[in-house]
Amino acid sequence: MKFDTPAGTNPIDQEMVIGKPHPRIEGRLKTTGTAVYSYENHAVAPNAAYGYVVGAGISKGRVVTIDISEAKASTGVLAIVTADNAGPTKASGFYAAKPLGGPEIDHYHQAIALVVAETFEQARAAASLIRVKYERANGAFVLAAARAEAKPHKQQPDVRIGDFENAFAAAAVKVDQTYTTPDQSHMMMEPHATIARWDGDMLTIWSAQQILSYARRDLSAKIGVPADKIRIVATYVGGGFGGKGSAGSDAVLAALGARAAGRPVKVALPRPLMPNNTSHRPATIQRIRLGAGSDGRLVAIGHESLSGNLSGGRPEIAAAQSQLLYAGANRLNLTRLATLDLPEGSAMRAPGEAPGMMALEIAMDELAEKLAMDPVELRILNDTQVVPSYSGRESSTDPQSATGSHGPQKTAVRPFSTRQLVQCLRLGAEKFGWKERDSRPGARRDGNWLIGMGVASAIRGAPILPAGARVTLDGKGMVTVETNMTDMGTGSYTIIGQTAAEMMGLPLDRIVVKLGDSRFPDAFGGGGQAGAATATAGVYAACVKLREAVATRLGFNSVDAEFVGGEVRFGNRRVALARAADAGSLTAEDKIEYGDLSKQYEQQTFGAHFCEVGVDAWTGEIRLRRMLAVCAAGRILNPLTARSQVIGGMTMGAGAALMEELVVDKTFGLFVNHDMASYEVPVHADIPDQEVIFLNELDPTMSPLKAKGVGELGISGVAPAIANAIYNATGIRIRDYPITLDKCLDKLQPMA
Ligand code: MOS
């Protein structure tokens, strides 16, 4: 199916099943511990051996010698994989580091060996007997110090529109501040884990992966096995946030270990290895310059972002959304990348927007204060319904990268497909009781608690990619859907089932959803908040084909036949859907592909985040009291799973605001707090009442479902709303995340 004109009315619009708050169809399996995750799939490899990954003890330099003789003689050891015996492995895809280091070392805890043994304990014990001699080289580990070497990157060209410098210099009211965001770890619940099994020259991995096509492509390139000889299965994935966007060391080493041992091998990364061995969200230093007239209208918007990465790695695109969010004639948008020898930076939930908004949306709060304007009203005043000073380049179609990449030359007007930022802000202000906010910091108090409210806008791109699916109707009237879409806890199973149910006129319990197998038609996967819109559109296309096949078998005119209540209806004729499969199951497969609607329209999701905090006037302890998100993100396919996505994003945003930080060892170049005891994320007790409101919205330029994703919108803007609330409570402006109490304490004492 080709989708190249905006969607008209179609069966999805009935909303018999779609748009309803169905609990996750696989929820019972997960809550009873019976959903089989990759590492636990004992049935596919009952004789699997265990692999234990050894990480490099230096961040840069070389392995001079690696002595595995003692380890090899250790009880139960079957094989040891190192760069000496594994044959060449290569970096591939969006990871710049090799999956198996040696002799050159790219980063701390880069894998240098896999020990395979009969038991996990034997593998771990033997791993401690490997003797490595390193030659340590000096590296660059401090972002601020690497600034002078930073360069532009082709992924995000510089944007200069109008005359930013002069407009900013002449502006009546200005903000010019620098904001910093730290390195962050994905810290998903399920570690990176893989079982690998060879059947002759055919490799199958059961592996925690978000995007099977990327994982297969990259695994193929990394170990030199043709992609058509690799099958990847990821039935359930316990979180990813971008950290499972491609085949990492667990998958690569499980495959190599299984080949070396002549047995299936399972590898799970121990938690303390994850933050340095895998990828993370890179730290940023961002300068924001906002210039406005005394009426509050922005005349100059400058956003410069610096991040670092390994040589060959990509920048954090933290400035891009500032090209889209507010009006203003004169604009400067620069992204710079420095080379650092820290572990590899890559995509993490709302790559770009999440850290970018952490800077921009504090700056807007600072501007509102200087203007003596309400921060909600300032944002509304600067709304725009077209891309400001559109530059003639369409959005990036890479969902792992961030919001659009717009170049310098001006051309035609480019409208947003939908944009309800103002509505989100207005409704949020009303529902949150924004009018109770006192614009004077420190003015509201509840006992020892200083009370403040904060707001921030939210924006995140709405990418959609080609996707296929296969659907089969059987004689019992059950429909089975197969795509290689994954579900990392997001609700993919459920919304895909709802899509098929709506299209075929069946209740949800008549649909069987099979996901996460590279043998199924390609539907991209979970990433870039593209998954929901992308995968359901593929299922729609396949169901259109199945409806035609059913109608033909039953002798109906396919265009006019209705599929409803388990029947096919036309005029006075009604036939049970299952009758179409009396002569054998019916299977249909199709793929949806896109024309240039994403070039004609800027497709984004919008929202507004509101937060109330209390800050203890004596101790500086910060407590969230209330949070509200209002989101406009196309048709909400399932308000229950979508809400869970948004409250998850809000929770992660709270972590970004208040606690999450990978601490860099500036001498040795590693993240020091590389476990869950010392890398702090929010727990239940940190999170207050969270409310989520979805605006009614259909975006017919997206797909026949008129839907977008919400998972990354949910985090974008949360942290600055919290930062702004802390300022409103205390008058203390912290521009260096996370906002921990030690940063507030000395400034609080005089107030108290
Ligand atoms: Mo997302 S960071 O693209 O999984």
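## A walk through the strands, helices and rings

Let's start with strand β11 and strand β12 (residues 230–233), which pair in the parallel sense over 4 bridges. Strands here are DSSP runs of E with at least two residues, helices are runs of H or I with at least four residues, and both are numbered from the N terminus. Two strands pair if DSSP finds at least two bridges between them. This is a predicted model, in which local features need pLDDT of at least 70 and side-chain atom pairs count only at pLDDT 80 or more, while totals for chains, interfaces and linings use all residues. Residues are numbered from 1 along each chain as its sequence is written, and side-chain values use heavy atoms, with hydrogens and water left out.

Back to β11. L203 stands opposite I230 in β12, and W198 also stands opposite L203. That second pairing belongs to strand β10 (residues 193–199), which joins β11 in the antiparallel sense over 6 bridges. β10 and β11 make a hairpin with 2 residues between them, and G200 in the turn has a positive phi of about 65 degrees. Strand β11 (residues 202–207) has 5 of its 6 residues buried, so it is largely enclosed by the rest of the structure. Buried means under 20% relative accessible area, exposed means over 50%, and partly exposed is in between (1.4 Å probe, protein chains only).

Next comes an open sheet of 5 strands in the order β1-β25-β19-β20-β21, with mixed pairing. Its edge strands are β1 (2–3) and β21 (511–514), each pairing on one side only. β1 and β25 run parallel and are joined by 2 bridges, with K2 opposite E593 in β25. Strand β19 (residues 467–473) has 6 of its 7 residues buried, so the rest of the structure largely encloses it. On one pairing, β19 meets strand β25 (residues 586–594) in the antiparallel sense over 7 bridges, and R470 stands opposite E589. β19 also pairs with strand β20 (residues 479–482), again antiparallel, over 4 bridges; here the bridge partner of V471 is V481. β19 and β20 form a hairpin with 5 residues between them, and G477 in the turn has a positive phi of about 80 degrees.

Two helices lie across this sheet. Helix α12 (residues 492–504) lies across β20 and β21, running at about 140 degrees to β21. Helix α13 (residues 531–554) lies across β19, β20 and β25, at about 135 degrees to β25. For these angles, axes are lines fitted to C-alpha atoms, for helices over the stretch in contact, and angles run from 0 to 180 degrees between N-to-C directions. Contact means heavy atoms within 4.5 Å.

Is helix α7 mostly covered or mostly open? It is mostly covered, with 11 of its 13 residues buried, among them V252, L253 and L256. Its geometry checks out too: at 1.5 Å a residue, the 13 residues of α7 (residues 249–261) should span 18 Å, and the end C-alpha atoms are 17 Å apart, which agrees. The expected span is 1.5 Å times one less than the number of residues. Right after α7 comes G262, with a positive phi near 65 degrees.

Now for the rings. Rings of Phe, Tyr and Trp (its six-membered ring) pair if their centres lie within 6.5 Å; planes under 30 degrees apart count as stacked, over 60 as edge-to-face and the rest as tilted. By this rule there are 9 aromatic pairs. F432 and F610 form a tilted one, 5.8 Å centre to centre with 35 degrees between the planes. This pair links distant parts of the chain, with F432 in helix α11 (residues 421–432) and F610 in strand β26 (residues 604–616), 178 residues apart. F432 is buried at a relative accessible area of 5%, and F610 is buried at 2%. W434 and F610 form an edge-to-face pair, 5.6 Å centre to centre with 75 degrees between the planes. Elsewhere, ring pairs link Y37, Y236 and Y493 into a cluster.

F432 has a charged neighbour as well: R626 lies over its face, at 3.9 Å from the ring centre. A charge sits over a ring if NZ of Lys or CZ of Arg is within 6 Å of the ring centre and within 35 degrees of the ring normal. The charged end of R419 sits over the ring of F416 in the same sense, 4.8 Å from its centre.
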